[in-house]
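Student: I have a protein model open and would like to understand how its descriptions are justified. Could we go through it together, step by step?

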Amino acid sequence: MSGSKLNGNFDLIPSCQVGRKIMEQRNLTLLMDLYELTMANGFFKEEPSKIGYFDLYFRKVPDKGGLVIYAGLAQVIKYLKELKFTDSDIEYLQTLGIFAPEFLEYLRTFEFECDVWSVKEGTPVFPNEPLIIVRGPLIQTQLLETMLLNIINHESLIATKARRICMVAKGRPVMEFGSRRAQGADAATFGARAAVIGGCIGTANVLSAKLFGLTPLGTMAHSWIQSFKSEQAAFEAWYRIYPNNCLLLVDTYDVLNSGVPHAIEIFNKLKARGVTEHIGIRIDSGDITFLTKAARKMLDEAGFENATITVSNALDEDVIQNVLEEGAAIDSFGVGEKLITASSDPVLSGVYKLVATQVDGKITPKIKLSNTIEKTTIPGFKRLYRLYNNNGKAVGDLLGLFDEIRLNEGSVYNSDPNKTQQKRKINNFRLDPLMTQIFDKGKLVYREPTTNEVKDFSKAMTESLPEACLRLKNPDLYNVFWTKALKIMRTDMIEKYSEMNS
Ligand SMILES: Nc1ncnc2c1ncn2[C@@H]1O[C@H](COP(=O)(O)OP(=O)(O)OP(=O)(O)O)[C@@H](O)[C@H]1O
Ligand SMILES: O=P(O)(O)OC[C@H]1O[C@H](OP(=O)(O)OP(=O)(O)O)[C@H](O)[C@@H]1O
Ligand SMILES: O=C(O)c1cccnc1
């Protein structure tokens with residue numbers, strides 16, 4: 001393998017290390033749609049000094065939910081810090097024969113120069129709110145579209161799904177178990193991180209735990225039990241090796257007639273040695289309500305009230321809600337495929353749109369019209385705020401133009417396209433900016449929180465929202481208001497461009 005030229009970064013990496021190196025230092029710079037490069041080549045020729053402003057936002061909450069948990073900012077920062085066209089990237093682009101030599105030379109010495117603002121990771125966010133704003137040379141801002149969307153769409157989707165699942169678990173721990181069914185290594189690793197941001201207590205994915213400081217968690221697989229001559233022998237061996245963490249999988253043969261009685265035998269042995277903590281069973285098939293109720297009774301009658309019951313097997317928020325409503329006796333959940341793939345609604349359709357350009361210091365708002373008002377963009381360089389009442393509860397968000405004087409009270413307009421005329425007077429509120437500067441002319445100026453800090457922040461921010469917005473089914477629409485100046489600007493632009501083109 002030594003000396004093989006997979007990519008500029010992989011030269012001289014022994015094959016045993018390639019997997020690790022790929023995770024740690026692969027170069028994603030070319031991971032972009034071709035048109036980003038063809039447009040950038042054009043901007044380089046036509047508009048080399050023009051500044052672009054882009055907003056990244058989504059239009060619809062998955063699963064008809066009330067909110068999205070914004071996740072992926074840490075990976076966006078890493079991506080932007082590491083942007084670099086290697087010599088082999090430039091050589092490859094040259095072979096396509098469509099780029100000007102001067103443009104390729106610009107890419108070879110590319111230095112990231114943009115300003116980036118973002119909502120803090122973990123924040124619950126709502127349709128049409130800018131989550132990331134990028135300002136910089138059009139050539140550069142354009143190139144970021146694919147990866148920024150790839151990262152934010154994926155991680156926010158999984159964090160949102162995790163929040164739904166953890167919410168119905170009502171405080172019972174949820175472990176992320178999905179790596180084996182995730183769509184590839186990144187989906188497993190970054191998905192596990194996003195699941196923790198959305199509320200999971202930890203993950204079975206050891207790489208994700210290592211990279212992001214998450215709690216690695218796990219029990220045992222059926223293969224452990226199967227590999228011994230009997231279930232008893234398998235449990236015995238486990239308890240000898242792990243007496244301080246004995247969570248036994250009881251459904252290999254027969255949960256109530258074999259698994260639970262054998263687990264109780266082991267717990268009795270542990271009790272005789274003075275160990276009564278961290279014992280429990282996992283059930284991975286069958287009727288969860290029936291089996292957990294019966295198992296709970298057996299464990300309690302044997303004196304093991306503190307033995308926990310974990311369940312797994314294609315769980316999602318609906319199954320969890322259902323079994324808890326039926327009175328299932330569950331202490332914790334292991335959730336895999338339906339969480340890591342967000343299988344009930346597996347796309348967050350975030351978009352990255354040009355909202356303004358700037359030449360010689362003069363900002364010109366830009367709009368894209370559409371037959372549907374939802375798809376018509378919101379022009380201008382903007383800022384996003386959250387409004388809180390005196391009790392610290394969020395009452396809505398406010399989107400305004402960047403240079404508007406901070407509002408203390410006044411009229412704002414409902415952004416719901418079906419209610420664009422609705423005006424509301426607001427007063428007695430606190431206005432908190434939701435966006436923070438991340439890069440200043442290409443330099444990172446943000447202290448990055450740990451993933452666990454993001455998780456705690458996300459929980460607190462979600463709890464400050466009105467309860468009716470948190471409902472999984474038919475949530476109340478959270479108010480996203482616009483300032484008068486923004487509303488007038490957009491209405492005028494829609495009129496102007498519609499007339500120009502009619
Ligand atoms: N009481 C319940 N109410 C609603 N859904 C349940 C209940 N008990 C189990 N489920 C869910 O029903 C589905 C049953 O799936 P499936 O038929 O594949 O499992 P199984 O036959 O019990 O086990 P396996 O095929 O893994 O051996 C799972 O998603 C499980 O979580
Ligand atoms: O069902 P999930 O939510 O994805 O949870 C993870 C699943 O992964 C394991 O199953 P395994 O790969 O052994 O296959 P199984 O479906 O036969 O249990 C585990 O026993 C869970 O069932
Ligand atoms: O540790 C476990 O029990 C586990 C891990 C991954 C998938 N299923 C179960």
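Student: Which domains does the domain assignment give for this protein?

Tutor: Bear in mind that this is a predicted model. The assignment gives domain 1 as 1-30, domain 2 as 31-158 + 346-500, and domain 3 as 161-340.

Student: What makes residues of domain 2 and domain 3 count as being in contact?

Tutor: Two residues are in contact if their C-beta atoms, placed from the backbone, lie within 7 Å. The contact takes 21 residues from domain 2 and 21 residues from domain 3, while the centres of the two domains, taken over C-alpha atoms, are separated by 39 Å.

Student: Which helix gives the most to the side of domain 2 that touches domain 3?

Tutor: That is helix 16, with 7 residues; helix 7 (145-168) and helix 16 (451-463) each supply at least two residues of this side. By class, the residues of the side of domain 2 that touches domain 3 divide into 7 nonpolar, 9 polar and 5 charged.

Student: Why is strand 5 called largely enclosed by the rest of the structure?

Tutor: A residue is buried if 20 or more other C-beta atoms lie within 10 Å of its own. In strand 5, residues 132-137, 6 of the 6 residues are buried, and therefore the strand is described as largely enclosed by the rest of the structure.

Student: How do you know that strand 5 pairs with strand 1 and with strand 3?

Tutor: Two strands pair if DSSP finds at least two bridges between them. Strand 1 (residues 51-57) and strand 5 pair over 6 bridges in the antiparallel sense, with D55 standing opposite I133 in strand 5. Strand 3 (residues 115-119) and strand 5 pair over 4 bridges, again in the antiparallel sense, and here D115 stands opposite R135 in strand 5.

Student: What surrounds ligand 2, and how do its residues divide by class?

Tutor: Ligand 2 is surrounded by 15 residues, of which the closest are F177, D284, A314, G336 and E337. Strand 11 (332-335) and helix 15 (337-340) each supply at least two residues of this shell, which has 5 nonpolar, 5 polar and 5 charged residues.

Student: What makes the shell around ligand 3 count as having 5 polar residues?

Tutor: The residues around ligand 3 are F177, A204, G218, T219, S312, G334 and G336. Phe and Ala count as nonpolar, whereas Gly is among those that count as polar, and the shell accordingly divides into 2 nonpolar, 5 polar and no charged residues.

Key
Residues are numbered from 1 along each chain as its sequence is written. Chains are lettered from A and ligands numbered from 1 in the order in which they are written. This is a predicted model: local features need pLDDT of at least 70, side-chain atom pairs count only at pLDDT 80 or more; totals for chains, interfaces and linings use all residues. Domain bounds come from an automatic or database domain assignment. A residue is near a molecule or strand if its C-beta atom, placed from the backbone, lies within 6 Å of it. A residue is buried if 20 or more other C-beta atoms lie within 10 Å of its own, exposed if 12 or fewer, and partly exposed in between; C-beta atoms are placed from the backbone.
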